[in-house]
Amino acid sequence: PVAVFGCRPRVAGGVCFLEEQVVLHAAGAGCLRLHLEHKWHNFIPGTEKSRGVQALAVSPDRRFLAMSEAAEEQPVLAVYELTAERARRRKVLAAHELPARQTVSLAFSPDSRFLAAATAPPEGHLTCWLWEKQQLAAAVRVQAAGDGPCQVSFNPQDNTQVCITGNGFFKLFKYSEGYLKQMNLQRGETENYLCHAWLSEEEVICGTDTGKLSLFETGELHWEKSLEYRKPPRKQEEDTTKEYESLYAFPNCISGVSSGVPFEDNGLQQHSLPQISAVAAYSKGFACSPSPGVVLLFEKTSEKEVYEERQEVWLPQDLFSTEPKKSSRQDITCICFSPSEEMMVVSTNKNQLYMFTMLSTKLIREKISYFAYMSFPLHSNSITGLDMCIWKSILATCSLDRSVRIWNYKTNTLELCKEYQEEAYTVSLHPTGLFCLVGFSDKLRFISLLYEDMHVFKEFAVKKCRECSFSNGGHLFAVVNGNVIQIYSSITFENITNLKGHTGKVHAIKWSADDTKFVSCDTHGAVYEWNLLTGKKESECVLKTCMYSSISLTYDAKIIFAVGSDQTLKEISESSIQHEVPAYDVVYTTVAVSHSGRLIFVGTSLGTIRAMKYPLTLKKDFSEYQAHAGAVTKMTVTSDDQFLLTASEDGCVFIWKVYDKEGGGVKGEQELEYAEEVLIMRSDIDEKSQAILDLQICVRDLQTESDYELRLKDMYCEGKIKALEESFTQEIDSLKTKHQILQEEKEKQKLQHEVQLSELMDKQAREVQQLESDSSQKLSMENEKYQELQVKSQKMEEEYEKQLHNLEESKIKAVAELKEHYEKKLKHKSVLLEE
């Protein structure tokens, strides 16, 4: 397959990033690697007889992919290596000691050595594999309160720690020496945990079916927050409040979104309960979906509240839909972040994939933002019709989801899409690729494929038309009305002829290359060949035991290939079955022949495609390819034999590149050049022309207005400049005169100051002279005084010395007298004593 348009819903871990621009998601009976920028597709098919992927996991180093598949005999658990251009299946895991049960959740350990797998409850098991050795390392029984989603994950830092949640349990296990030992004890009431994610080495955030977020730290409940059921923002709605309330009070009735809650008819009080269907961690916090159509981004805070809501991101409305609000009421089943966390991708239960660029949260802190489609809107139900045309590289599909879509298989894009009120059962493209026929449950509609829209050109009163087809020349088209085939002109829309003869419901019709013959088959085992010139049967081949479902015709219209309920491929020519090739226990649902006639392709009820070479052999001589997860409903080969287009009940469209056995591409007779023309309604052209004219007039008016405004501004500016010039020249003149006056004053003052200065100098000189004479006079006087005082001092000194000398003499005399007196007395006393 070179392209796959479709997504498988409700797959655990169903979407994940392999690189910044490469997304891997479940599609058909395998996985699809899709490059968002370059738009290349790379399909990884599942194992043989796979019925579709149930769970996915990508290793932390993004080298390995683990895939759990439902299969006919027993479920398959396989590990693929993603490094190669084509993913290579490395190991298939199977345990002899455990009963084979469906794996509902998978997780790789941080070093990618271990793979944890959880099997479906109520008798659930948690198994731990050393997948490289295909060895079951440990297994433990996990008792569940009831059915419901079950999820397993490894601690991002610890290879031995596994977390498993489900209905009624949250368990942490430690792996050691072949055993898984439970680490935490559950306390309080049991909750139905729908999802969980590791925020750090110790923290796990869980979401419940009652809208409660529970944060466990090393197994203990640390923080809880109950979220409310969210309604789409008013900005998104164009209806009145009443219609708004009635629409969102009953999402089950309106949009078919299952919320798992029964609704009573009691008006606005009865709202859907919030339930956290998906949660994913990123570096700043985590993202979770509490109600259909919305993802909330929580970030870590340093306050008491551990995590705080920062942003709401809503699914967008489908503009092509008859009920645009319905698209925003899808359950979000999986959330994942790109390696750089610049992008968030979500998958929904309606097979859709949406993305949101996280950069906007840094730049513009808007409370409410919206997702965009990851690539384009996909079918959400069984595809009932598929057709291609010659002029353009497009194919048309219609589905039970009531939509008609036009795809381009060269550019891998969706060109047109429109949803109608009724289910669509069949589609046929005109060879020009400008018109298509679509059989709805109420009418058959002839639709013009416009540049950006589909316009119903004509309606035909054919109810539940299951098959219609344009002729190869495009001038006629055939319509199946029960068991009658009606042939209409594509030009006049006149019913040219009716082909009657079928007793059962006609299941398939085919035109010959020259449009002269017509082949049909029905549920009663009849294959008729009609001549359109006469309107009569030319040949018939009836096998009543077989209910035919599809036929194909070789380019020369000589051989018819038919498939039906009896598990064979029949080669019919000249009114009889020439060959019958057994299908080997499957039912062939569709058949297509290449224009060269060398290759025959059949689609099976298992969703596989088989390619056979012509002439047919009874041996098991075919190549079988895993593709769809449902029965193949339609199949067609492009006119240049380059591509095979297949559609299925699983809502996927596969574009296959056809190669022959030698490995080269199948070369068409000539390289086709595709038409570039598109249709556009005259009213649209008129509207656009009128809009252009109006805009041109508006531009002219604006030009005139702006010219007039510019002139006015110029005049105003010129006036202002003149006024300013005048005022400035006046000011300059006045300043000049002022300057002159000041100059003169300055000169006067200078002279005055010079006179004053000379006077002051003279005065000072005189004063200095005066002071000098005065001081010298004073000095001489003082000198004289000093001399006098010195003489006086000398005299006084002499006088005092004289006085001192006198005093000393008188003292000596007095002492001598006293001595003499006392000596006499002493003598007298001593005489007395002697006596």
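Reader: Over how many bridges do strand β20 and β21 pair in the antiparallel sense?

Author: Happy to start there, keeping in mind that this is a predicted model. Strand β20 covers residues 212-217, and its partner here is β21. One position to look for is L213, which stands opposite K225 in β21. Counting along this antiparallel pair gives six bridges.

Reader: Which are the edge strands of the open sheet with the order β18-β19-β20-β21?

Author: That open sheet has four strands with antiparallel pairing. Strands of a sheet pair through backbone hydrogen bonds, either parallel or antiparallel. An edge strand of this sheet pairs on one side only. The two that do so are β18 (193-198) and β21 (220-226).

Reader: By what angle are neighbouring strands of this sheet turned against each other on average?

Author: Let's stay with the sheet in the order β18-β19-β20-β21. With direction ignored, the average turn between its neighbouring strands is 20°.

Reader: How many of the six residues of strand β52 are buried?

Author: Strand β52 spans residues 599-604, and here buried means under 20% relative accessible area. In a regular strand the side chains alternate between the two faces of the sheet. In β52, L599, F601 and G603 point one way, while I600, V602 and T604 point the other way, and all are buried. The strand is mostly covered, and the count is six of six.

Reader: Which residue of strand β51 stands opposite V602 in β52?

Author: Strand β51 covers residues 588-593 and pairs with β52 in the antiparallel sense over five bridges. The two form a hairpin with five residues between them, and G597 in the turn has a positive phi of about 85°. Facing V602 across this pair is V591.

Reader: Which residue in the turn between β52 and β53 has a positive phi of about 95°?

Author: β52 also pairs with strand β53 (residues 609-613), in the antiparallel sense and over five bridges. In this pair F601 stands opposite A611 in β53. β52 and β53 form a hairpin with four residues between them, and the turn residue with that phi is G607.

Reader: How far apart are the end C-alpha atoms of residues 499-540?

Author: An unreviewed UniProt entry lists this stretch under "repeat: WD", along with 376-417 and 625-658. Over residues 376-417 the chain is 0% helix and 55% strand, with end C-alpha atoms 10 Å apart. Residues 499-540 are 0% helix and 57% strand, and the distance between their end C-alpha atoms is 13 Å.

Note on methods:
Residues are numbered from 1 along each chain as its sequence is written. This is a predicted model: local features need pLDDT of at least 70, side-chain atom pairs count only at pLDDT 80 or more; totals for chains, interfaces and linings use all residues. Side-chain values use heavy atoms; hydrogens and water are left out. Two strands pair if DSSP finds at least two bridges between them. Axes are lines fitted to C-alpha atoms, for helices over the stretch in contact, and angles run from 0 to 180 degrees between N-to-C directions. Buried means under 20% relative accessible area, exposed over 50%, partly exposed in between (1.4 Å probe, protein chains only). UniProt positions are given in the numbering used here, feature names are shortened, and annotations may be inferred rather than shown by experiment.
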